[in-house]
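Biologist: Thanks for sitting down with me over this one. Could you bring it up, so that we can go through the side chains together?

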Amino acid sequence: MYKSILLPVFLLFTTICSAQFSGFGNSGPKIKGKISGMVIDSSSQLPVGFATISMKKAGRTKIINGTLSEEDGSFSFTDVNPGKYDLEFSFIGYSTKLVATVETTKKKPDNNIGTIFLLPTDYMLEEVEVKAKRALFENKVDKIVFNAEDDSSVAGGDATDVLRKVPLLSVDLDGNVSLRGSQNVQILINGKPSGMFSSNVADALKMFPADQIKKVEVISSPGAKYDGEGAAGIINIITKKENVEGIAGTLNASAGNRQNNANLNLNIGKGRFGFTSNASVFYSVPVDATTSFSNVAESGEVIYSYAGITNTSRLGFNGSASAFYDFNAYNSINSSFTLRGFGFDQEGTSIGALGTLPFDRTTIGDNLFSGYDLNLDYTKKFESNETRELVFASQISGNIQNQNNLVNDLLPDGTEFRNDDIENEGDNVEITAQIDYVEPIGKGSKLEIGAKTVIRNIDSDSRFVPDLGRSNIFLYDQNVYAGYASYNFVVGKLNFVTGVRYERTDIKGDGREAVQNFNNGYDNWLPNIAVSRTMKNFRTLKLSYSQRIQRPSLFFINPFRNVTDFGNIREGNPTLNPELVRQIEIGYNTKILGFSIFGTGYYRRSTELIEQVTSLVNPTELGLPEIGGGSDISFTTYQNVGRNNSFGVNLFTSRTIGKLTVRGGGDIYTYDATGIIGGQEVSNSALSYRLFTNGDFAFTGTLKADFFGFFQAPRFTLQGENPSFSIFGIGFRKDMKDWSIGIRIIEPFAENKAFNSDIQGDGFRQVSEFSVPFRSFGLNIRYKFGKVDFKERRSKVRNTDVKGGGDEQGQQGGNRVGGS
């Protein structure tokens, strides 16, 4: 019923809008016209979106106007006075093309110059390959792009090293990703979801080799066609997958004192068929981290404290295969399969005390996360108009989590008072089906509509040995039904994108305790509108409004009670409601005195804010025996604490001087939250910021150096603050015909880094410090073979509808990233 209502309502809305705007742009009797056309790749015959078109008076060199081509390759100059003009077409990866003496007259004010073909610069001519130097960062109409494969300082690292280099993003020590200070982001892999993020985002990113990443796209204001999730925005990680005629591939290997990895990419193509495969393995050298923790009452009495050392090692693998076949120019299928696994082992010892009970603790942890993704898409274009497109997409995704912790506590005299085996197994299976349709309407306008269903079944099996009475099986179902409509149109020099998305969510829980049994649902209408104007000298001004939600995943609602640390117990909250977010953003980019400048300002209001909350409780309230003379313990869970109003500004700039390019910028934003914790009203106001710089220097055409630095100030919650984080690194790379060799150095002047957190609650203050070895050196070798044409095919499935977890180990339901 909801889907049948959505389309007629939106079509009526867009019809009214078109009628209202149709009278705009008239300027009296003076005749002005239009110059339009289409930009096409001469090799692939595909449209070239976001190409730069400069307008000059015929025979002159001064640029008098400029625009960008649309995603379908079309472009248009409006309000053109009668006269003769030269048009210059350019885009990264293509040779610049000049179309001279394009004329409009009073009798024929409109001139459609037809198709303009751009020649790729990797076109081979008599065995000589010509390549243009690509910018490391690109500011496009709807996103910022970081071309990671051109940065030697990330070679041999993992995905967190890459994301730390991207404007607007910050990544802390644990690998938690934030966009403008919010962790409510969704992550795509090649424009589609991956179950690798359904358990723990931070650990998944650490297992993803940087050498597999081609580029990263950041979309801060997604439109209606994207899932309603990802309140802060969407991150799309694009891997090195190219289509070839014949066989081509790359082999990468990196070795260092912290991280080691190897990966192989193989591409096979013949005519209308293509196949790509990838295999990688990652190993992190075991490191010893020191930890201290204390919980102190207002009276100064130490409630609980400990200090110890934990040794951690990580191992992961990832394999994928994808294939496509073009039946003809209008019908094609695309399929992919991914298999992955990663885990970490921990062994720790610590000494502490809970109340009057001193203890000597030994822990052994074995954690394994594995999963798969299977995608199948069918795309149909129409002979009457190739920009008209119909896509059917499907996905099956599974993720398995196994956590096993052995805990042994001894008294000072050697008496054993605790020997527990704590296990949690989680299974997450998702089935997705969606349909998307694009209908061009006249010139410069298009209507996009679609529908989507996501069926999630998530099981969590918790076992406690020897106390099996505390074991629990929790079954959680989450089904999402969505429909959307989006309309793009142009009025004068203004480009509008309007849309609305409807989502119905049904959730059901079944567990041992009464609070774990529920069956309910909720509806959300999520509108968005964006207006942009491109001005002379490639200046762009953009204003947007969007409304989004953030559903809690199983990471947040899982009722598994983790009692590994008996003085600091953690548990999910199955009664959480989704966060609701409204955001207004204004952006502007320009070029002044050789500096490219990109800036945005925004206001974001979040209600039903989900935050981690810690309180003091008596163990008996949790069904646990009293320990340490009846002392209270820390209990941490998640709650909808209240609301947050955040204002922020982002700035990014770059400048090239000869062979040196320097980039820099930062974010500054407010945290102004009010809520209820433990029955009492609590508020916290703070200012946080992030600063970064990076650059590169080309000694020669084949020898370059890269550097970067990053600082994230503490992030705040209603109860306190999380640690600040900083990192510095430098890299060198030498390119040869088929080989390249690189050196990577991280924090050469700091062997260890310490991270402190400080939170306060009713009657207590909790302080922790974590220190880990950080200085690292690495060597990277890369070998490539074959020749690629850089065409890409991606699945249309993009699940972005759950709030993912951070540094805690747990199960999450769902994938992240945008789509219908």
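Biologist: Let's begin with F344: is F344 buried or exposed?

Modeller: Happy to, and bear in mind that this is a predicted model. Buried means under 20% relative accessible area. F344 has a relative accessibility of 4%, so F344 counts as buried.

Biologist: Which ring does F344 pair with, and what kind of pair is it?

Modeller: The partner is F369, which is also buried, at 1% relative accessibility. The ring centres of F344 and F369 are 6.4 Å apart, and their planes make an angle of 25°. Planes under 30 degrees apart count as stacked, so the pair of F344 with F369 is stacked.

Biologist: How far apart in sequence are the parts that F344 and F369 tie together?

Modeller: F344 belongs to strand β21 (residues 331–354), while F369 belongs to strand β22 (residues 357–382). The pair therefore ties together parts whose separation in sequence is 25 residues.

Biologist: What about F489 and F496: what is the angle between their planes?

Modeller: Both F489 and F496 are buried. Their ring centres lie 5.0 Å apart, and the pair is stacked because the planes are at 5°.

Biologist: How many aromatic pairs does the structure hold, and which residues do ring pairs link into a cluster?

Modeller: The total is 28 aromatic pairs. Ring pairs also build a cluster, and its members are F293, Y304, Y306, F359, F417 and F566.

Biologist: Which arginines lie over the face of a ring?

Modeller: A charge sits over a ring if CZ of Arg is within 6 Å of the ring centre. One case is at F382, with the arginine 5.9 Å from the ring centre, and another is at F595, with a distance of 5.4 Å. The arginine over F382 is R388, and the one over F595 is R655.

Biologist: Now the interior, please. Which residues have the most contacts inside the largest nonpolar core?

Modeller: In soluble globular proteins, nonpolar side chains tend to be buried together. Here the largest nonpolar core has 24 residues. Elements giving two or more residues to this core include α2 (159–163), β15 (213–219) and β16 (233–239). The residues with the most contacts inside the core are L163, I213 and I235.

Biologist: How many residues are in the second, separate core?

Modeller: Among its members are Y306, I569, L624 and F635. Y306 is also part of the ring cluster we met above. The second core has 19 residues.

Biologist: On to charges: which parts does the salt bridge of E88 and K56 tie together?

Modeller: Side chains of opposite charge can pair when their charged atoms come close. E88 and K56 meet at 3.7 Å, N to O. E88 is partly exposed at 26% relative accessibility, whereas K56 is buried at 14%. The pair ties together parts 32 residues apart in sequence, because E88 lies in strand β5 (residues 83–90) and K56 in strand β2 (residues 52–57).

Biologist: Are E747 and K753 buried or exposed?

Modeller: The two form a salt bridge, with the closest N and O atoms 3.3 Å apart. E747 has a relative accessible area of 9% and K753 one of 12%. Buried means under 20%, so E747 is buried, and K753 is buried.

Biologist: Which residues are linked in a network of salt bridges?

Modeller: The whole structure has 23 salt bridges. One network links two arginines and three aspartates: R361, D409, R418, D420 and D565.

Biologist: Which strand gives the most to the nonpolar patch on the surface?

Modeller: The patch includes F697, F732, W739 and I781, and its accessible area is about 970 Å² together. β34 (660–677), β40 (739–746) and β43 (776–785) each give two or more residues. With three residues, the most comes from β40.

Biologist: Finally, which residues that are not glycine have a positive phi?

Modeller: One has a phi of about 55° in strand β6 (residues 97–104), and another has a phi near 55° in strand β32 (residues 595–617). The β6 residue is partly exposed at 48%, and the β32 residue is partly exposed at 32%. They are T101 and E608.

How values were computed:
Residues are numbered from 1 along each chain as its sequence is written. This is a predicted model: local features need pLDDT of at least 70, side-chain atom pairs count only at pLDDT 80 or more; totals for chains, interfaces and linings use all residues. Side-chain values use heavy atoms; hydrogens and water are left out. A nonpolar core is a set of buried Ala, Val, Leu, Ile, Met, Phe, Trp, Tyr and Cys residues joined through side-chain atoms within 4.5 Å. Buried means under 20% relative accessible area, exposed over 50%, partly exposed in between (1.4 Å probe, protein chains only). Helices (H or I, at least four residues) and strands (E, at least two) are DSSP runs, numbered from the N terminus. A salt bridge is a side-chain nitrogen of Lys or Arg within 4 Å of a carboxyl oxygen of Asp or Glu. Rings of Phe, Tyr and Trp (its six-membered ring) pair if their centres lie within 6.5 Å; planes under 30 degrees apart count as stacked, over 60 as edge-to-face and the rest as tilted. A charge sits over a ring if NZ of Lys or CZ of Arg is within 6 Å of the ring centre and within 35 degrees of the ring normal. Patches are made of residues with over 30% relative accessible area and no salt bridge: like charges are joined within 9 Å, nonpolar side chains (Val, Leu, Ile, Met, Phe, Trp, Tyr) within 5 Å. Accessible areas come from the Shrake-Rupley method with a 1.4 Å probe; for residues, only the protein chains shown count as cover.
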